Amino acid sequence: MSICMAGIDWETAKMDKREAFSFTSSQVGRLCGQIAQMEGVDGCVLLSTCNRTELYLSGEEALQPAAVLCQAAGAEGAEALFCERRDREAERHLMEVSCGLCSQILGEDQIVSQVKRAYQLAHEAGSTDAVLSQLFRLAATAGKRSRTQVRLSAAPLSVAGQAVEQLAAELGDLTGKRALVIGNGEMGRLASSLLAARGCQVTVTLRTYRHGETIVPAGCQTIGYDERMKLVPQSDILLSATTSPHYTITRDNLAGLERVPQAVCDLSIPRDIEPTIRELPGVRLFLDMDSMGGRDVHVDAQDRQQVEDIIEEEMLKLERWCSYREDLPMMDDLCRLIAERVATGYDFSLLADGEETEVADKMEQAARLAVEKTARLLFSGLQGTLAEGALEICREAILRKAPQLRDRRTS
């Protein structure tokens, strides 16, 4: 079995290319279910965030992950946009992604939960297998450890945080500024909280409100999504972060207004805000995902090495797990062989003390079962510690002592 992946991200493609491969949660689940049915695929997980889309596959070595994703997404011909990785390179890449080393905002906080969510959606779609489950579990562990044990940068650790920093750099003190945030998902709530913490008067749009279920960031007002245009002319900052497949704000929405927001920020892929709005008089700053900047921040070499060490530790765990899994057939064979060795090495009729043959047979069966279970427990405890070829040495040692078993096993 082989693991492979294909990915497109903020470093390899502009936003207009990435938009075609940005998927909602429901789309991710549907695509995972569809891909899992393809020939040669044993498992798949699709990671889709604001800055990257990556498909991880387990199965036949001949799998072409970019072609698989493009076929499933109805985007044949776009395979050249993707970078492909296989086996250890693919596994390590996911670890690095989960630790935030590949993020536009180095060490960003959200990526670990996004990796976990990608696995959860795939699991719910029935498209995961043991190999991908272990890989994503260890990658999430690496990301969590990196986040809690190491601080890679003093810079903001989220796209929303970077956006607020850039807004403050352009507009100055944000205290008293009026901000309209369209969208109350994870990104929208984070942006709203950060703006409110800077002293902004924040209003958040809601599609629906369910008491006790809808989370509204502290200190923020709310307005229905359909009423958003009432507040746009009064806003200094307009920020949109939804999963809508259509624009939440168009140029026509703003073109007839006497006053437009000074700063417009689009934190969505596909885009929420029509890009030509940046050309309107009065718009001083227009931010989108491609203008969030890159990882041009100083990272202490020791901190970076700590993250690398964490990744190596989790990679070693994965390697040991895979080795153990590959040895399972040999372990099963050895367990049966050990049980056979015990069963053929004793005369259970003597132990039955003159009872009927049926009693002796039952004693032999019980002994076989007990020995086999004990051997399995022993091998389970040795997971990750056995040297290469150790099991074969054990097998041959048993067969040398009891060559008749070799004849039985081949008959």
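Helices in this talk are DSSP runs of H or I with at least four residues, and they are numbered from the N terminus. With that settled, on to the structure. It is a predicted model.

First, the chain as a whole. The protein chain has 411 residues, and buried residues make up 47% of them. Its secondary structure comes to 15 helices and ten strands. Take the contacts between residues at least 6 apart in sequence: 69% of them join residues at least 24 apart.

I will spend some time on helix 5. Helix 5 covers residues 111-124, which is 14 residues. What span should those 14 residues have, at 1.5 Å a residue? The expected span is 1.5 Å times one less than the number of residues, so helix 5 should span 20 Å. The end C-alpha atoms of helix 5 are 20 Å apart, which agrees.

Which residues of helix 5 are buried? They are I111, V112, Q114, V115, A118, L121 and A122. The buried residues of helix 5 pack against four elements, and I will name each with its range: helix 2 at 25-36, strand 2 at 41-48, helix 4 at 87-98 and helix 6 at 130-149. After helix 5 comes G126, and the phi of G126 is positive, near 75 degrees.

Now the loop on the other side. Between helix 4 and helix 5 there is a loop, and Q104 sits in it. Is Q104 buried or exposed? Buried means a relative accessible area under 20%. Q104 has 3%, so Q104 is buried. What does the side chain of Q104 contact? It makes a polar contact with the side chain of N51, at 2.8 Å. In addition, a polar atom of the Q104 side chain lies 3.0 Å from the backbone oxygen of M289.

Next, the pockets. The largest pocket has a volume of about 1100 Å³. Its lining has 39 residues, and those nearest the centre are S25, G185, E186, T242 and T243. Helix 2, strand 2, helix 5, helix 8 (186-197) and strand 6 (201-206) each give two or more residues to that lining. Which element gives the largest share of the lining of the largest pocket? Helix 5 does, with five residues. By type, the lining of the largest pocket divides into 16 nonpolar, 19 polar and four charged residues.

The second largest pocket holds about 320 Å³ of space. It is lined by 14 residues, with M1, E91, V131, C322 and E326 nearest its centre. Strand 1 (2-9), helix 4 and helix 11 (301-345) each supply at least two residues of this lining. The largest share, seven residues, comes from helix 11. The lining of the second largest pocket has seven nonpolar residues, one polar and six charged.

Last, cavities. How many cavities of 30 Å³ or more does a search of the whole structure find? The search finds one. The largest cavity has a volume of about 40 Å³. Its lining is made of I8, R18, F21, S22, T49, C50, N51, R52, T53 and I269. Those residues divide into four nonpolar, four polar and two charged. N51 has come up before: besides lining the largest cavity, N51 is the polar contact partner of the Q104 side chain.

That is the end of the talk.

Key
Residues are numbered from 1 along each chain as its sequence is written. This is a predicted model: local features need pLDDT of at least 70, side-chain atom pairs count only at pLDDT 80 or more; totals for chains, interfaces and linings use all residues. Side-chain values use heavy atoms; hydrogens and water are left out. Buried means under 20% relative accessible area, exposed over 50%, partly exposed in between (1.4 Å probe, protein chains only). Contact means heavy atoms within 4.5 Å. A polar contact is a pair of N or O atoms within 3.5 Å; within protein, one must be able to donate a hydrogen and the other to accept it, and residues adjacent in sequence count only if both atoms are side-chain atoms. On a 1 Å grid over the protein atoms alone, a cavity is a set of points where a 1.4 Å probe fits but cannot get out, and a pocket is an open set with protein on both sides within 12 Å along at least five of seven lines; lining residues have an atom within 4 Å of a point. Grid points are joined across faces, edges and corners, and a volume is the space filled by probe spheres set on the points. Ala, Val, Leu, Ile, Met, Phe, Trp, Tyr, Cys and Pro count as nonpolar, Asp, Glu, Lys and Arg as charged, and the others, Gly among them, as polar.
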